[in-house]
Amino acid sequence: MTRATLSSVLSTLRHDVPASLVVFLIAVPLSLGIAMASGAPLAAGLIAAVVGGIVAGALGGSVVQVSGPAAGLSLVVADLVQTYGWRATCMITLLAGVVQLLLGVFRTARAALAVSPAVVHGMLAGVGVVIALSQLHIVLGGSPQRSALANLIQLPEQLAEMHGHTVAVGVLTIAVLGLWTRLPRQVRAVPAPLAALLAAALTAWAFGWDVTRVDLSNSLTEWAFPVLPQGDWHRVVAAVMLVALLAGVESLLCSVAVDSMHDGRRADLDQELAGQGVANMVAGALGGLPVAGVIVRSTANVQAGGRSRWSAVLHGVWVLVFALGFGWTIKLIPMEALAALLVFIGVQMVNLGHVRKVHGHGEVPVYVVTMAAVVVLGLAEGVLAGLALAALLALRRLTWVTVKAKEESDGRWHATISGSLTFLGVPRLTQELRAIPAGAAVDLDLNIDFMDNAAFEAIHSWRLDHERLGGTVDIDEIHDEWYSMAASGARMFPAKTPPRAPDRWWLPWAHRRRRPVRHSPPSPGLSAGAPARAECQLTVGAREFHRHTAPLVRPIFSELARKQQPTHLFITCADSRIIPSLITASGPGDLFTVRNIGNLVPRRDAEPHDDSVVAAIEYATQVLGVHTITVCGHSGCGAMAGLLSGGVKAGSMPGLRRWLRHGYQSLARFIETSEGLDKSALDQLCRVNVQQQLENLRTYRKVDEQVRAGQLELVGLYFDIGSARVHMLPSPTLSVKA
């Protein structure tokens with residue numbers, strides 16, 4: 001056995017096996033509940049979990065995504081079962097897998113991501129409402145109706161006739177699910193769905209409650225080959241495409257979301273879609289529910305430490321072993337407990353976090369319409385309604401233009417035109433521009449992504465008239481060349497964005513990095529010996545700030561001038577390549593920043609003594625009241641390289657040598673946990689150093705007290721400079737005493 005193979009086996013035993021057990025404990029109750037909501041045999045949920053884990057886990061393109069029966073498909077499956085029967089539904093699942101396999105082979109997976117997330121989230125929310133309403137009737141001792149509206153109408157009558165024992169089991173299940181996250185971490189090692197079902201089953205057995213038990217008469221051993229659906233073939237084809245597309249889109253969106261949770265290899269979406277197709281072919285042939293990537297199990301896999309596809313595969317093996325060897329234990333679970341679990345899951349599918357995300361992009365109407373249409377009309381109709389509204393809003397944005405013109409303190413006018421300029425926006429455009437006084441000096445900024453000929457003629461005509469009356473119009477340098485091309489009649493290509501003549505023009509400073517320096521005499525504020533290059537870049541940059549940026553941010557800074565209220569203390573390296581506000585998308589006043597060599601936090605009472613970082617920590621936590629302290633390291637850190645090479649030679653840089661002593665704990669921790677020095681040793685030390693500095697923060701009593709009280713959070717970030725990617729690192733959980 002080679003060293004690489006041995007390392008892979010040890011990593012699997014250490015990380016993937018425990019993670020697979022956690023996912024297995026979550027998958028069993030969820031699979032049973034989704035099968036129940038789908039109107040399918042309960043064994044079909046376990047078959048889908050086995051196939052999703054083993055087949056999709058082995059063949060898919062994501063290394064940590066976990067596949068299985070998805071709640072988002074339960075409405076479709078339930079409708080298919082009622083229309084065509086269970087065996088025909090299995091054939092539809094098999095054919096949907098063939099479609100997914102072909103789409104993956106022809107590399108069309110990226111096209112599925114063109115679906116608006118607001119439609120997907122709205123669809124899942126609508127499915128959650130429908131599931132919750134239908135299963136609530138079972139919890140109350142009745143039977144669900146055929147539609148969500150009927151379930152809602154019948155709910156008052158059902159509440160009046162609810163049965164004691166069934167309601168007690170449901171309430172107990174929901175109570176355990178709701179309170180489980182508040183229990184100590186050691187207790188929460190048992191997944192909440194499993195704990196809730198165990199509590200309900202044991203309580204019902206101990207008190208002899210009259211409840212309905214799970215029926216496994218359709219067991220894993222009773223199998224019949226799927227049959228072709230009977231009826232209008234147009235509807236059958238539509239059903240196959242609906243299952244294939246919904247399962248495929250949900251899997252691909254899950255893959256993209258999971259990619260942001262781990263540092264491993266990114267998902268191959270085409271391979272993932274093909275793997276899902278093979279899994280659905282096998283699931284349909286064996287009598288299982290449709291398979292898709294599911295975010296709950298995938299998130300649990302990442303959080304439990306899963307690093308390779310072995311965790312997903314092994315979870316499927318554990319489900320198979322359980323179903324064959326211990327399936328009889330499922331008969332002890334009350335049906336009302338499974339229904340209560342589905343009610344809880346359905347409510348959670350209406351995710352307020354998703355609402356906040358789509359609100360930031362103005363897509364709440366798409367979310368609401370999709371959800372309402374799914375509840376009232378059905379899943380397919382709801383998705384089509386959401387897609388139609390999303391398309392209409394996109395067309396509306398293409399015709400939206402914003403024109404702002406105001407007079408500056410120096411008498412010049414500053415006009416900004418933003419959006420997509422089409423003939424529909426010409427009336428408003430000309431109205432705003434002609435409001436600028438004749439003869440005024442105007443700075444015109446064109447922040448646009450499209451301009452048709454009518455809009456260009458309107459701007460050009462106004463500019464000529466304004467200059468003929470004695471005024472001036474200066475267009476910003478980024479768009480000036482593009483404007484000149486249009487004015488001369490040069491052909492403009494379909495992508496109407498300005499040409500990227502000077503490097504990365506989309507950042508205000510990036511296009512200056514390789515621009516030739518035009519030396520100029522020093523400004524009065526600089527001494528005669530000051531470098532001309534520095535004067536050129538910094539003073540020109542200041543003038544650019546005054547002209548373009550200052551008018552936009554002046555209201556923010558006017559408020560900040562009265563009081564600073566940062567939410568984060570950000571401790572990072574002095575390396576010039578780290579720009580805290582850029583890599584965290586933070587605005588003015590959000591970060592209280594401390595920078596030093598190696599992003600080090602000296603431990604309390606450490607030698608050599610340092611008050612600089614300590615003072616910043618005390619001021620941020622006790623005066624400014626920040627909620628988070630973030631330590632951000634980066635790849636290729638020179639300070640960590642110095643530690644690895646044995647430190648700085650005595651006498652060469654004594655200050656740096658003394659300062660690096662604060663990194664000795666990081667070096668010792670790296671030596672204890674590493675498997676040897678290789679090419680990645682430096683970056684490993686950089687990551688370890690961030691975690692060590694987080695523990696150093698806990699040596700300060702006030703910080704430790706606030707963390708324990710839940711008033712302060714410690715966060716570790718690692719910035720990979722070459723890939724421009726920020727990674728989240730685990731935070732310490734125990735107090736570290738100095």
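A salt bridge is a side-chain nitrogen of Lys or Arg that lies within 4 Å of a carboxyl oxygen of Asp or Glu. The views below come from a predicted model, in which local features need pLDDT of at least 70 and side-chain atom pairs count only at pLDDT 80 or more, while totals for chains, interfaces and linings use all residues. Residues are numbered from 1 along each chain as its sequence is written, and side-chain values use heavy atoms, with hydrogens and water left out.

**View 1. Arg604 and Asp605 form a salt bridge.** The closest N and O atoms of this pair are 3.6 Å apart. Relative accessible area sorts residues into buried (under 20%), exposed (over 50%) and partly exposed (in between), using a 1.4 Å probe and protein chains only. Arg604 is partly exposed because its value is 37%, whereas Asp605, at 61%, is exposed.

**View 2. Arg708 and Asp704 form a salt bridge within helix 28.** Helices (H or I, at least four residues) and strands (E, at least two) are DSSP runs, numbered from the N terminus. Both residues belong to helix 28 (residues 701-708), where they are four residues apart, about one turn of the helix, and their closest N and O atoms are 3.1 Å apart. Arg708 is exposed, with a relative accessible area of 59%, but Asp704 is buried, with a value of 6%. Elsewhere, Arg412, Asp443 and Asp474 are joined into one network by salt bridges that share partners.

**View 3. A salt bridge links Arg434 to Asp465.** The N to O distance between these side chains is 4.0 Å. Arg434 lies in the loop between helix 18 (426-433) and strand 5 (441-451), and Asp465 lies in helix 19 (residues 453-468), so the pair ties together parts that are 31 residues apart in sequence. Arg434 counts as exposed at 52% relative accessibility, while Asp465 counts as partly exposed at 22%.

**View 4. Helix 14 (residues 335-349) is mostly covered.** Of its 15 residues, 12 are buried, among them Met335, Leu338, Val343 and Met349. The expected span of a helix is 1.5 Å times one less than its number of residues, so helix 14 should span 21 Å, and its end C-alpha atoms are indeed 21 Å apart.

**View 5. Strand 10 (residues 713-720) and strand 11 (residues 725-729) run antiparallel.** Two strands pair if DSSP finds at least two bridges between them, and five bridges join these two. Phe719 stands opposite Val726 in strand 11. The two strands form a hairpin with four residues between them, and Ala724 in the turn has a positive phi of about 55 degrees.

**View 6. Two loops hold residues with unusual backbone labels to look for.** Glu607 and Pro608 are joined by a cis peptide bond, with omega of about -5 degrees, and Pro608 is found in the loop between strand 8 (591-596) and helix 23 (612-624). Arg107, although not a glycine, has a positive phi of about 55 degrees, and its place is in the loop between helix 4 (86-105) and helix 5 (109-112). Arg107 counts as exposed, at 58% relative accessibility.

**View 7. Cys632 is in no disulfide.** A disulfide is a pair of cysteine sulfur atoms within 2.5 Å, and a search of the whole structure finds zero of them. For Cys632, the nearest cysteine sulfur, that of Cys573, is 9.2 Å away. Cys632 counts as buried, at 0% relative accessibility.
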